[in-house]
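Biologist: Please take me slowly through one part of this model, and then show me how other parts are held to each other. I would like the reasoning along with the numbers.

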Amino acid sequence: MLGSHGPSVSAIGLGCMGMSDFYGGADEARSVATIHRALDRGLNFLDTADMYGPFTNERLVGRAIRGRRDQVVLATKFGNMRSEDGAFLGISGRPDYVREACDASLERLGVDVIDLYYQHRVDDKTPIEDTVGAMAELVAAGKVKYLGLSEAAPETIRRAHAVHPITALQTEYSLWTRDPEAGLLDTTRTLGIGFVAYSPLGRGFLTGRFRSLDDLAADDWRRNNPRFQGDNLRKNLDLVARVEAVARRKGCTPAQLAIAWLLSRGNDIVPIPGSTRPERVEENAAAVDISLSSQEIAELDAVGADVAGERYPEGGMRTVNR
């Protein structure tokens with residue numbers, strides 16, 4: 001159950017962003033096959049947003065679920081505005097924009113209703129009460145079933161929840177991003193809000209695939225991520241080595257271990273690892289069968305204390321936890 005009153009979803013979802021944007025390259029046929037493999041494995045919780053592409057990821061997901069809509073809990077987001085050429089235009093939670101964005105997402109996705117509709121980033125120029133009020137109107141109109149927020153601060157969540165029940169908060173959470181443990185999880189649990197953990201594999205870093213910037217495509221956004229650069233990269237590789245050591249002892253992959261650790265944090269937490277390959281979906285799905293001992297959890301808990309670098313460049317950090 002996603003939150004105290006939300007829909008039932010698979011223990012692990014599928015983040016679809018990387019199929020269209022930010023990580024370099026795109027293979028539509030393989031991405032559709034990845035979504036189909038997820039659905040075949042029972043991973044029914046799909047996550048997209050209007051800004052991914054921009055706009056193309058929603059169309060991709062819409063094509064992939066055609067004929068299988070009843071198997072999907074579909075989540076998308078609004079609020080990060082981009083032009084057709086990809087330029088970032090700012091953040092908006094204005095009521096008129098909320099309505100326009102929803103109608104556009106419904107059309108791109110080719111569906112009559114969005115299961116979970118998030119505000120992607122909080123607009124600090126528009127009262128959250130006004131934004132959520134407009135989102136509540138979408139629920140009343142039958143265009144949206146449940147409401148969510150992303151990267152919102154505890155006080156913002158409480159104010160939003162007072163206007164209309166918030167079903168889920170989506171925020172970065174992983175072995176190397178422990179920020180939600182400083183009050184955010186307490187807030188969502190007190191209010192009965194589910195927690196959707198994006199980037200549960202540290203943008204792929206925790207899998208051990210990346211040893212230098214040369215392992216990333218020239219247009220991969222992670223080249224600008226502080227944790228992938230210079231001294232931070234070297235320090236964080238030591239962190240990954242510790243995760244890999246536990247995974248070897250456990251007989252699983254580092255990715256499976258990182259997801260299993262998140263699942264151990266509580267039944268209210270749903271990781272949504274991104275993937276563009278069917279075999280990765282299989283790998284990630286198997287994490288639900290991994291049980292961690294208290295000693296293993298403690299060993300992994302210690303890893304997050306040593307992470308080097310902010311999780312976004314300076315501009316991105318100004319848009320989170322507000």
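Modeller: Happy to! One term comes up at once: a residue counts as buried when its relative accessible area is under 20%, as exposed when it is over 50%, and as partly exposed in between. Please also keep in mind that this is a predicted model.

Let's look closely at helix H3, which runs over residues 95–109. Its length is a good place to start. At 1.5 Å a residue, the 15 residues of H3 should span 21 Å, and the C-alpha atoms at its ends are indeed 21 Å apart, so the two values agree. Just after H3 comes Gly-110, which takes a positive phi of about 70°.

Now for its buried side. The buried residues of H3 are Tyr-97, Val-98, Ala-101, Cys-102, Ser-105, Leu-106, Arg-108 and Leu-109. They cover an arc of only 165° around the axis, which puts them on the same side of H3. The spacing in that list has a simple background: an α-helix has 3.6 residues a turn, so residues three or four places apart point the same way. What lies over this side? The cover includes helix H2 (56–65), strand E3 (73–78), strand E4 (80–82), E6, H4 and strand E7 (144–150).

Leu-106 makes a nice case within H3. Its relative accessible area is 10%, so Leu-106 is buried. Setting aside neighbours within four places in sequence, Leu-106 is in contact with Val-111, Asp-112, Val-113, Ile-114 and Lys-143. Of these partners, Lys-143 is 37 residues from Leu-106 along the chain, yet their C-alpha atoms are separated by 8.1 Å.

For a second helix, turn to H10, residues 294–301, where Glu-296, Ile-297 and Leu-300 are buried. Seen down the axis of H10, these residues fall within an arc of 100°, so they line one face of the helix. They pack against helix H7 (230–250) and helix H8 (254–263). On the face turned away from the buried side, H10 carries the exposed residues Ser-294 and Gln-295.

H10 also takes part in a charged link. Its residue Asp-301 forms a salt bridge with Arg-178, and the closest N and O atoms are 3.7 Å apart. Asp-301 lies in H10 and Arg-178 in the loop between strand E8 (168–172) and helix H6 (184–191), so the pair ties together parts that are 123 residues apart in sequence. The two ends differ in exposure: Asp-301 is partly exposed at 24% relative accessibility, whereas Arg-178 is buried at 16%.

In total, the structure holds 34 salt bridges. One of them joins the side chains of Arg-37 and Glu-282, at 3.5 Å from N to O. Arg-37 sits in helix H1 (residues 28–40) and Glu-282 in helix H9 (residues 278–285), and the two are 245 residues apart. Here both ends are partly exposed, with Arg-37 at 32% and Glu-282 at 28%. Another salt bridge brings together Arg-322 and Asp-124, at 3.3 Å from N to O. This pair also links distant parts of the chain, 198 residues apart: Arg-322 is in the segment after helix H11 (314–317), and Asp-124 is in the loop between strand E6 (114–119) and helix H4 (128–140). Arg-322 is partly exposed at 22%, while Asp-124 is exposed at 53%. There is a network as well: salt bridges that share partners join Glu-151, Glu-172, Asp-179, Arg-203 and Arg-311.

Finally, the rings. The model has eight aromatic pairs. Among them is the stacked pair of Trp-176 and Phe-205, with 5.0 Å from centre to centre and 15° between the planes. Trp-176 lies in the loop between E8 and H6, and Phe-205 in the loop between strand E9 (194–198) and H7, so this pair ties together parts that are 29 residues apart in sequence. Both rings belong to buried residues, Trp-176 at 2% and Phe-205 at 0%. Ring pairs link these two with Phe-210 and Phe-228 into a cluster. Trp-176 has a charged partner too: the charged end of Arg-227 sits over its ring, 5.0 Å from the centre. In a similar arrangement, the charged end of Arg-222 sits over the ring of Tyr-23, 3.9 Å from its centre.

Technical notes
Residues are numbered from 1 along each chain as its sequence is written. This is a predicted model: local features need pLDDT of at least 70, side-chain atom pairs count only at pLDDT 80 or more; totals for chains, interfaces and linings use all residues. Side-chain values use heavy atoms; hydrogens and water are left out. Buried means under 20% relative accessible area, exposed over 50%, partly exposed in between (1.4 Å probe, protein chains only). Helices (H or I, at least four residues) and strands (E, at least two) are DSSP runs, numbered from the N terminus. The arc is that of the directions from the helix axis to the C-beta atoms. Contact means heavy atoms within 4.5 Å. A salt bridge is a side-chain nitrogen of Lys or Arg within 4 Å of a carboxyl oxygen of Asp or Glu. The expected span of a helix is 1.5 Å times one less than its number of residues. Rings of Phe, Tyr and Trp (its six-membered ring) pair if their centres lie within 6.5 Å; planes under 30 degrees apart count as stacked, over 60 as edge-to-face and the rest as tilted. A charge sits over a ring if NZ of Lys or CZ of Arg is within 6 Å of the ring centre and within 35 degrees of the ring normal.
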